[in-house]
Amino acid sequence: MKFTNHIIINATIGGIICFIINRFLFFENLLIVVASGVLIDIDHVFVEIFKGTLRHPRKVIEYWKSIPNKHTGELYIFHSYEFMFAILVLGLQNKFFLIVLIGLILHFLADGLINYLDTKSFSWLRDYSIIFKIYDHWN
Ligand SMILES: [Zn+2]
């Protein structure tokens with residue numbers, strides 16, 4: 001999904017959730033939801049580093065411009081269920097991480113909608129699991 005769409009979705013839906021949760025910390029929480037929902041995509045850079053393609057930044061940027069509405073099947077570590085679960089566990093200790101989790105979930109749902117529209121199925125759900133990626137790699 002496009003960067004700007006993630007900002008819009010996280011700002012509006014996240015804003016409503018933050019307002020319901022705590023009206024006095026509304027803007028602080030909203031900032032965390034929007035920031036976490038946007039910064040999560042830094043893992044796309046990690047994938048390009050892993051693939052060794054960052055030596056050709058123009059090609060990487062062209063590739064990224066071609067995929068905002070497509071499901072790539074790549075594993076993006078911060079988009080994974082396991083990462084979100086780790087943030088949930090941290091959130092049980094510190095509310096900050098629960099607010100971060102809201103941003104991650106909204107980002108995941110927005111990407112999920114794009115994946116569904118692209119694949120017309122829910123087969124992409126498996127691609128968001130580190131455990132399934134490791135299992136599929138060895139089998
Ligand atoms: Zn994403």
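**Helix α6 and its surroundings**

Modeller: Let's start with Leu 117, which sits in helix α6. Helices here are DSSP runs of H or I, at least four residues long, numbered from the N terminus. This is a predicted model, where local features need pLDDT of at least 70, side-chain atom pairs count only at pLDDT 80 or more, and totals for chains, interfaces and linings use all residues. Residue numbers start from 1 along each chain as its sequence is written.

Colleague: Why is Leu 117 called exposed?

Modeller: Count the C-beta atoms, placed from the backbone, within 10 Å of a residue's own: 20 or more others make it buried, 12 or fewer exposed, and anything in between partly exposed. Leu 117 has 11 others, so it is exposed. As for distant parts of the chain, Asn 69 is 48 residues away along it, yet the two C-alpha atoms are separated by 8.4 Å.

Colleague: And what makes Thr 119 partly exposed?

Modeller: Thr 119 is also placed in α6. Its count is 13 C-beta neighbours inside 10 Å, so it lands in the partly exposed class. Lys 70 is 49 residues off in sequence and 8.3 Å away in space, C-alpha to C-alpha.

Colleague: Which residues does Thr 119 touch, not counting those up to four places away in sequence?

Modeller: His 71 and Trp 124. Touching, or contact, takes C-beta atoms, placed from the backbone, that lie within 7 Å of each other.

Colleague: What stands out about the phi of Lys 120?

Modeller: It's positive, about 55 degrees, although Lys 120 is not a glycine. You'll find Lys 120 in the loop between α6 and α7, the helix of residues 130-138. With 8 other C-beta atoms within 10 Å, Lys 120 is exposed.

Colleague: How do you know whether Asp 136 is buried or exposed?

Modeller: Same recipe: 12 C-beta neighbours inside 10 Å, so Asp 136 counts as exposed. Asp 136 belongs to helix α7. Its C-alpha atom is 37 Å from that of Thr 12, which is 124 residues away along the chain.

Colleague: On to the helices. Why is α2 called oblique to α6?

Modeller: Fit lines to the C-alpha atoms, for helices over the stretch in contact, and take the angle between N-to-C directions, from 0 to 180 degrees. The axes of α2 (residues 26-39) and α6 (residues 95-119) come within 7 Å and cross at roughly 45 degrees. That makes α2 oblique to α6. The cut-offs are under 35 degrees for roughly parallel, over 145 for roughly antiparallel, 65 to 115 for roughly perpendicular, and the rest for oblique.

Colleague: Is that crossing left-handed or right-handed?

Modeller: Right-handed. That is the name if the near helix is turned clockwise from the far one by less than a right angle; anticlockwise is left-handed.

Colleague: What classes of residue make up the contact of α2 with α6?

Modeller: Ten nonpolar, five polar and no charged residues. Here Ala, Val, Leu, Ile, Met, Phe, Trp, Tyr, Cys and Pro count as nonpolar, Asp, Glu, Lys and Arg as charged, and the others, Gly among them, as polar.

Colleague: What makes α1 and α6 oblique to each other?

Modeller: The axes of α1 (residues 3-21) and α6 come within 10 Å and cross at roughly 130 degrees. They are therefore oblique to each other. This crossing is right-handed too. On the α1 side the contact residues include Ile 9, Ile 13 and Ile 17, and on the α6 side Leu 106 and Ala 110 are among them.

Colleague: How do α1 and α2 cross?

Modeller: At roughly 145 degrees, with axes coming within 8 Å. The crossing is right-handed, and the contact has eleven nonpolar, six polar and no charged residues.

Colleague: Which members of the largest nonpolar core touch the most others?

Modeller: Val 33, Val 100, Leu 101, Ile 102, Leu 104 and Ile 105, out of 15 residues. Such a core is a set of buried Ala, Val, Leu, Ile, Met, Phe, Trp, Tyr and Cys residues joined through C-beta atoms within 7 Å. Helices α2, α5 (81-93) and α6 each supply at least two residues, and α6 gives the most, with seven. Leaving aside its neighbours within four places in sequence, Leu 104 is in contact with Ser 36, Gly 37, Ile 40, Met 84 and Ile 87.

Terms used:
Contact = placed C-beta atoms within 7 Å.
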